[in-house]
Amino acid sequence: MKVAVFSTRKHTRQFLNDANSGYGHQLSFFEPSLSPATAVLAEGFPAVSIFVNDQANSEALTLLHEGGTRLLALRCAGFNQVDLARAGELDMAVVRVPAYSPHAVAEHTIALMLALNRKIHRAYARVREGNFALDGLMGFDMFGRTVGVVGTGRIGGLVAQICHGFGCQVLACDVVENPDLAGIASYVSTDELIRNSDIVTLHCPLTPQTRHIISEQSIARMKNGVMLVNTSRGALINAKAIIPALKAGKIAFLGLDVYEEEADLFFQDLSDQVIHDDVFARLLTFPNVIVTGHQAFFTREAVASISQTTLASITAFEQGRPLENEVTAEMVVR
Ligand code: NAD
């Protein structure tokens with residue numbers, strides 16, 4: 001099948017081409033992300049593949065449909081970037097990769113927690129300058145601390161298990177309990193979790209209910225000196241509310257792999273440009289903030305698995321078989 005692959009980088013091409021030896025699709029790679037302005041690139045392609053920060057809004061989907069596209073294959077788990085209601089109206093199938101390597105994201109979450117706690121980013125720079133002083137590098141034992149996991153699906157469930165392995169007390173909140181966490185995590189309300197956790201880590205999807213789940217109000221209820229980690233979706237946090245909390249020391253550690261306005265920043269080399277997002281630029285000035293550019297998923301195992309699942313879904317669509325990774329508007333939690 002002819003597939004227009006948007007938001008491609010060298011690694012995307014390499015892994016998709018390797019996986020495609022088993023499928024034989026005609027892959028055309030485009031570096032730009034999908035938007036109403038770029039949708040025309042996919043004219044004549046029955047299948048289109050996109051990534052996390054593409055804009056599959058109503059306008060882009062309408063343009064794709066006019067160009068003959070009938071399948072949208074997301075190379076990611078989250079699907080908040082797609083107007084699923086519009087896709088349904090257009091009878092355009094949407095598939096995703098629900099689970100490629102939850103370990104990749106869970107392990108990156110723990111990497112952020114440990115780096116923030118033990119100030120690895122500061123120690124790395126300091127030692128390279130020949131400065132071996134320990135002042136300002138003191139951390140805390142993870143053992144015995146309370147970690148609150150918001151969303152205990154595939155990724156949050158693993159984070160809870162790893163933290164339990166450190167000897168942490170694990171609090172959890174979710175709309176459905178994960179049976180694997182019996183004896184590992186105690187389910188409480190979101191409010192109770194926020195009030196009682198030393199570390200709050202976010203692993204729920206972005207939905208109308210979870211947008212800005214971390215706001216000025218929820219931060220006010222957190223423990224003083226809390227650590228906040230978000231490797232899920234940027235808009236779970238109202239970033240503007242974070243800055244006063246960092247200045248006041250209410251949030252003493254912040255680890256972000258995602259950011260609400262990341263689409264204008266991440267996955268590009270902007271090192272010779274001025275960053276226009278003042279909130280993001282301010283975040284980068286704090287010594288107790290670590291930001292990574294949406295790389296939590298980025299392991300060999302995960303990228304190979306994403307490529308395999310995406311191509312398998314395209315083959316299933318081409319052969320008229322059921323789409324086991326299909327997402328529809330009805331799946332969005334209302
Ligand atoms: P999942 O569907 O297995 O788990 C999500 C959990 O969140 C579910 O158990 C769900 O019931 C729960 N949830 C839904 N609404 C909630 C609410 N209001 N409060 C608390 N919990 C709620 O998904 P997953 O595979 O664990 O992925 C979690 C998120 O991680 C994805 O939605 C995606 O946005 C993000 N993600 C990020 C990266 C990255 O590279 N940074 C990679 C993959 C996924």
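Here a biologist and a modeller talk through how some labels on this predicted model are reached.

Biologist: Let's start with the cysteines. How many disulfides does the structure hold?

Modeller: The count is zero.

Biologist: What is a disulfide, in chemical terms?

Modeller: It is a covalent bond that joins the sulfur atoms of two cysteines.

Biologist: Why is cysteine 76 not counted as bonded to cysteine 204?

Modeller: A disulfide needs two cysteine sulfur atoms within 2.5 Å. The closest cysteine sulfur to that of cysteine 76 belongs to cysteine 204 and is 16 Å away, so the gap is too far for a bond.

Biologist: And what rules out a bond between cysteine 204 and cysteine 173?

Modeller: The same cut-off of 2.5 Å applies. Cysteine 173 holds the sulfur closest to that of cysteine 204, but the distance is 7.4 Å, and therefore too far for a bond.

Biologist: Are cysteine 76 and cysteine 204 buried or exposed?

Modeller: Buried means under 20% relative accessible area. Cysteine 76 has 1%, so it counts as buried. Cysteine 204 has 8%, so cysteine 204 is buried too.

Biologist: Now to the backbone. What makes serine 7 worth a look?

Modeller: Serine 7 is not a glycine, yet its phi is positive, at about 55°. You'll find serine 7 in the loop that runs between strand 1 (2–5) and helix 1 (10–20).

Biologist: Why is serine 7 called buried?

Modeller: Its relative accessible area is 13%, and the limit for buried is under 20%. Serine 7 is therefore buried.

Biologist: Where does lysine 119 lie?

Modeller: Lysine 119 sits in the loop between helix 4 (102–118) and helix 5 (120–128). Lysine 119 has a positive phi of about 55°, although it is not a glycine. With a relative accessibility of 15%, lysine 119 counts as buried.

Biologist: On to the ligand. Which residues come nearest?

Modeller: There are 22 residues around the ligand, and Tyr100, Arg154, Ile155, Asp174 and Thr231 come nearest. By class, ten of the shell residues are nonpolar, eight polar and four charged.

Biologist: How do you know that arginine 154 makes a polar contact with the ligand?

Modeller: A polar contact takes a pair of N or O atoms within 3.5 Å. A polar backbone atom of arginine 154 is 2.9 Å from an oxygen atom of the ligand, which meets that cut-off. For glycine 153, a backbone N or O atom lies 3.4 Å from a ligand oxygen atom.

Biologist: How much of the ligand does the protein cover?

Modeller: On its own the ligand has 860 Å² of accessible area, and the protein covers 87% of that.

Notes: Residues are numbered from 1 along each chain as its sequence is written. This is a predicted model: local features need pLDDT of at least 70, side-chain atom pairs count only at pLDDT 80 or more; totals for chains, interfaces and linings use all residues. Side-chain values use heavy atoms; hydrogens and water are left out. Helices (H or I, at least four residues) and strands (E, at least two) are DSSP runs, numbered from the N terminus. Buried means under 20% relative accessible area, exposed over 50%, partly exposed in between (1.4 Å probe, protein chains only). A residue is near a molecule or strand if one of its heavy atoms lies within 4 Å of it. A polar contact is a pair of N or O atoms within 3.5 Å; within protein, one must be able to donate a hydrogen and the other to accept it, and residues adjacent in sequence count only if both atoms are side-chain atoms. Accessible areas come from the Shrake-Rupley method with a 1.4 Å probe; for residues, only the protein chains shown count as cover. Ala, Val, Leu, Ile, Met, Phe, Trp, Tyr, Cys and Pro count as nonpolar, Asp, Glu, Lys and Arg as charged, and the others, Gly among them, as polar.
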